[in-house]
Amino acid sequence: MTWRESILYELNAARIQRLGGLKDWMRGFLTTSVLDTEKAEMLGAQAGLTPNEVGAAMDARMSRRGSILFKLTVVVFTLIIVGAVVLADPLGVIGQYPATNTTYVPGTRYGSICPKDFR
Amino acid sequence: MVRPGPGCAVWEITLKCNLNCMHCGSAAGKARSDELTTDEALQLCDDLKGIGCQGVAMMGGEPLLRKDWPSIAERVREVGMDLSIITNGYKITESKFQRILDVNPELVTVSIDGGHAAIHDKIRGVPGSFKEVVATLRRFVKSGLPTGVITTVHKMNLGELTTIRKLLLGTGVAWQIQMATPYGRLTYDHVLSKEEYYSLALFIAATRKKYSKKELMIAGAHDMGYFSRVLPPLQVYPWQGCQAGISTLGIESNGNILGCLALPPEYVEGNIRERPLKEIWNDSAFSSYTRRVRRTDLGSECASCTYSKICKGGCSAVSHSMAGGLHRDPYCLRLIEAELKKSNG
């Protein structure tokens, strides 16, 4: 996984999502355009979306404030990742295939999604 | 080896149903001839607690058609597990409604598959079902119970999403959107194409962007992913690979056990009448397809993906039905984006 991919994955974490709009412009910075506007609008129209709504879903403009925040976040994540690698290596964790065993309860992902999941 | 228990057991307490949905993955209608007795069901509640299960999502068929559902629900609560009830919202009498309030589940969910009666009723196979489910939804919301709505999307209702959205705006419900897979009654010709699936993803992303959580909480289910280069995450939490037999467990109404209820019968790995649940769950062979995934198990496109270690090839149920094997889910946003880019030259 590249550093860009690592950061994107971290961005998916629920805690980070609470930072609201932060993740969206980061995503735009980190990703390359793979869908042209016309095609995206056509796909959105199939689900009843207006071109504006499609644009909003894929919006990736970055402000000056956003740029500074982004750079700060990259530094923090880099430190976290480097720290994790330094700690995990002696424990022999690196190189193992992850056996994820997160515990979910009803209303969190499986079964069905609950209002409390969005808080 | 004793494993941590599942966070959620999705339990079909009966296959009996009063609707006839075209997309029903278990082709529900008549009860199975060998459904668990009340005593067996109550014992199963204890056994689930015994393996460390944290919660039960009670579904069917239509779970509220099973006469002893309140006893099962109460036992789930008594032993200290969370409870959610997934109902079609049809023919919920006042007494049933009161029983639901008495049981006080962590979540009650109804299914809405169209924004208009004509579409919902056609999909659900019973005229008048739309009117009833909307009324049921309003009663649940008014009662203050945490309420969810599930919409299962296929070719017939992809165009209905904006109308359903209008219906749900401002109600405080959590809206779960999932793709219909060709099991049970759903035929392949109704399954979304990959581009339509991408349209659905765009809809979820656009709605999350357009509306605050106060206005509408919306998320894609486990089969709405993964790791798009363009769109933000659609699920509530990041995808960590299929959780069948890891943090979720499927139980059929006759006591059959499988890693996930969305999987077809060939994935049944035991029955609680023949073997204790604890033994099945802790068996090292149980759900080995998700518990021990190797890179060589993945389809070629998934194996070469940078997210392969985390994703492990997407949803097992979609992968099995649409690609003929596990760990190669073709309904992957990242993969579709690559294909679209390629086709655009």
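User: How do α2(B) and α3(B) lie to each other, roughly parallel or roughly perpendicular?
Analyst: In this predicted model, where local features need pLDDT of at least 70, side-chain atom pairs count only at pLDDT 80 or more and totals for chains, interfaces and linings use all residues, helix α2 (residues 69-78) of chain B packs against helix α3 (residues 94-103) of chain B at an angle of about 10°, with 10 Å between their axes. The two are therefore roughly parallel to each other, given that angles under 35 degrees count as roughly parallel, over 145 as roughly antiparallel, 65 to 115 as roughly perpendicular and the rest as oblique. The axes are lines fitted to C-alpha atoms, for helices over the stretch in contact, and the angles run from 0 to 180 degrees between N-to-C directions.

User: Which residues of α2(B) and α3(B) make the contact?
Analyst: From α2(B) come B:Trp69, B:Pro70, B:Ala73, B:Glu74 and B:Arg77, and from α3(B) come B:Lys96, B:Arg99, B:Ile100 and B:Val103, where contact means heavy atoms within 4.5 Å. They divide into five nonpolar, no polar and four charged residues, with Ala, Val, Leu, Ile, Met, Phe, Trp, Tyr, Cys and Pro counted as nonpolar, Asp, Glu, Lys and Arg as charged, and the others, Gly among them, as polar.

User: Before I go on, how are residues and chains labelled, and which atoms do side-chain values use?
Analyst: Residues are numbered from 1 along each chain as its sequence is written, chains are lettered from A and ligands numbered from 1 in the order in which they are written, and side-chain values use heavy atoms, with hydrogens and water left out.

User: Okay, chain A now: how many helices and strands?
Analyst: Chain A has six helices and zero strands, with the order α-α-α-α-α-α from the N terminus on; helices (H or I, at least four residues) and strands (E, at least two) are DSSP runs, numbered from the N terminus.

User: And what share of chain A is buried?
Analyst: Of its 119 residues, 39% count as buried, where buried means under 20% relative accessible area, exposed over 50% and partly exposed in between (1.4 Å probe, protein chains only). Chain A exposes about 6,700 Å², with carbon and sulfur atoms supplying 61% of that area.

User: Moving to salt bridges, how many are there over all chains?
Analyst: The count comes to 19 over all chains, a salt bridge being a side-chain nitrogen of Lys or Arg within 4 Å of a carboxyl oxygen of Asp or Glu. One of them joins B:Arg32 to B:Glu12, with the closest N and O atoms 2.9 Å apart. That pair links distant parts of the chain, 20 residues apart, with B:Arg32 in the loop between β1 (8-12) and α1 (38-50) of chain B and B:Glu12 in strand β1 of chain B.

User: Is B:Glu12 buried or exposed?
Analyst: B:Glu12 is buried, with a relative accessible area of 2%, whereas B:Arg32 is partly exposed at 23%.

User: What about B:Asp68 and B:Arg66, buried or exposed?
Analyst: Both B:Asp68 and B:Arg66 are buried, and their side chains meet in a salt bridge (2.5 Å, N to O).

User: Which chain A residues does B:Ser199 touch?
Analyst: Not counting residues up to four places away in sequence, B:Ser199 touches A:Leu43, A:Gly44, A:Gln46 and A:Ala47. B:Ser199 sits in helix α7 (residues 194-210) of chain B and counts as buried at 0% relative accessibility.

User: Where are the cis peptide bonds you would have me look at?
Analyst: One runs from B:Gly60 to B:Gly61, with omega near 25°, and B:Gly61 is in the loop between β2 and α2 of chain B. Another runs from B:Gly225 to B:Tyr226, with omega near 10°, and B:Tyr226 is in the loop between β7 (217-220) and β8 (248-251) of chain B.

User: Last thing, what is phi of B:Lys312?
Analyst: Phi of B:Lys312 is near 60°, a positive value in a residue other than glycine. B:Lys312 lies in the loop between α11 (308-311) and α12 (316-323) of chain B, and is buried, with a relative accessible area of 7%. B:Lys91 also has a positive phi, near 55°, but is partly exposed, with a relative accessible area of 43%.

Conventions
Areas by Shrake-Rupley, 256 points an atom, 1.4 Å probe, with all protein chains shown as cover.
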